[in-house]
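Okay, thanks everyone, I'll keep this short. Let me put the sequence and the model up, and then we'll walk through them together.

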Amino acid sequence: MSHIRPLQPDECSNLNLWLKMHQIDINAKKRRELSDVLPVATIVKMVYTRLVDLNPYAQPRNSVANKLQNWKVFNFTVLKKLNLKLSESDMRELAEGKVGAIEWLFHELFVRPENLHGEDDQVIRTAI
């Protein structure tokens, strides 16, 4: 089980490079948008195309409870397949849009892929 933690400076710079390459800017407004899993799932689908289905998620809502429900679905259907499991508190931080939460998740998914294994136990890789 993973726990959201602040990124180290070198991890931040690697993540910023990846975000810049994919033209993603995480500012306060974007962080609010990314507190719901649907925009996150859309970004993840760009890299892990066959793992992400955008249909099971409720439309974006302002309620943290609804966002948390979407994060639970995403955790079970996508992150589990990547061997990245979020705790209830991690999902709550993401649903509340806590500073550093989405950055940590993107780092784990896109910058540090050596930790990710698919269901057939093959390492899933992405390029920085």
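One definition before I start: when I say two residues are in contact, I mean they have heavy atoms within 4.5 Å of each other. With that in hand, look at Leu105: leaving aside its neighbours within four places in sequence, Leu105 is in contact with Val40, Trp71, Leu79, Leu84, Leu86 and Leu94. And please keep in mind that what you see is a predicted model.

So, the overall picture. We have six helices and zero strands, so to speak an α-α-α-α-α-α pattern when you read along the sequence. The chain has 128 residues, and 43% of them are buried. If you take the contacts between residues at least 6 apart in sequence, 64% of those join residues at least 24 apart. As for the surface, the chain exposes about 7200 Å², with carbon and sulfur atoms supplying 50% of that.

Now the core. In general, nonpolar side chains tend to be buried together in soluble globular proteins. Here, the largest nonpolar core has 36 residues, and the members that touch the most other members are Trp71, Leu105 and Phe106. Which elements give two or more residues to this core? They are α1 (9-21), α3 (37-47), α4 (64-77), α5 and α6. The largest share comes from α6, with eight residues. Leu105 we've already met, and one of its contacts is Trp71, which is also on that list of members touching the most others.

Staying on α6, have a look at His107, which sits in that helix. Is His107 buried or exposed? Its relative accessibility is 3%, so His107 counts as buried. Not counting residues up to four places away in sequence, His107 touches Leu7, Glu11, Leu15 and Arg112.

Next, empty space. Rolling a probe the size of a water molecule over the atoms shows where such space is left. How many cavities of 30 Å³ or more does a search of the whole structure find? The search finds one. The space in the largest cavity comes to about 40 Å³. Its lining is made of Arg31, Leu34, Ser35, Glu93, Leu94, Gly97, Lys98, Ala101 and Ile102. Two elements give two or more residues to that lining, namely α5 (88-96) and α6 (101-111). By type, the lining divides into four nonpolar, two polar and three charged residues. Notice Leu94 in there; Leu94 is also among the contacts of Leu105.

Let me pick Arg31 out of that lining. Arg31 is in helix α2, residues 28-33. Why do I call an arginine buried here? Arg31 has 14% relative accessibility, and the cut-off for buried is under 20%, so Arg31 counts as buried. Setting aside neighbours within four places in sequence, the contacts of Arg31 are Ile26, Gly97, Lys98, Val99, Gly100 and Glu103. Gly97 and Lys98 appear in the cavity lining as well.

Now over to the start of the chain. His3 is in the segment before α1. With 52% relative accessibility, His3 counts as exposed. Even so, His3 touches Ser87, Asp90 and Trp104, again not counting residues up to four places away in sequence. The C-alpha atoms of His3 and Met91 are separated by 9.8 Å, and those two residues are 88 apart along the chain.

Another pair in that style: Met46 and His22 are 24 residues apart along the chain, with 9.7 Å between their C-alpha atoms. Met46 belongs to helix α3, and at 49% relative accessibility it counts as partly exposed.

Last stop, backbone angles. Gln23 is not a glycine, yet it has a positive phi of about 55 degrees. Where is Gln23? You'll find Gln23 in the loop between α1 and α2. Gln23 counts as exposed, at 76% relative accessibility. Asn83 isn't a glycine either, and its phi is positive too, at about 60 degrees. Asn83 lies in the loop between α4 and α5, and with 41% relative accessibility Asn83 counts as partly exposed.

That's my tour. Happy to rotate the model if anyone wants another look.

Technical notes:
Residues numbered from 1 in each chain as written. Predicted model: local features only at pLDDT ≥ 70, side-chain atom pairs only at ≥ 80, totals over all residues. Heavy atoms only, no water. Helix = DSSP H or I, 4+ residues; strand = E, 2+ residues; numbered from the N terminus. Buried < 20%, exposed > 50% of the residue type's maximum accessible area, 1.4 Å probe, protein only. Areas by Shrake-Rupley, 256 points an atom, 1.4 Å probe, with all protein chains shown as cover. 1 Å grid on protein atoms, 1.4 Å probe; cavity = no way out; pocket = protein on both sides within 12 Å on 5 of 7 lines; lining within 4 Å. Points joined across faces, edges and corners; volume = space filled by probe spheres on them. Nonpolar A, V, L, I, M, F, W, Y, C, P; charged D, E, K, R; others polar. Core = buried A, V, L, I, M, F, W, Y, C linked by side-chain atoms within 4.5 Å.
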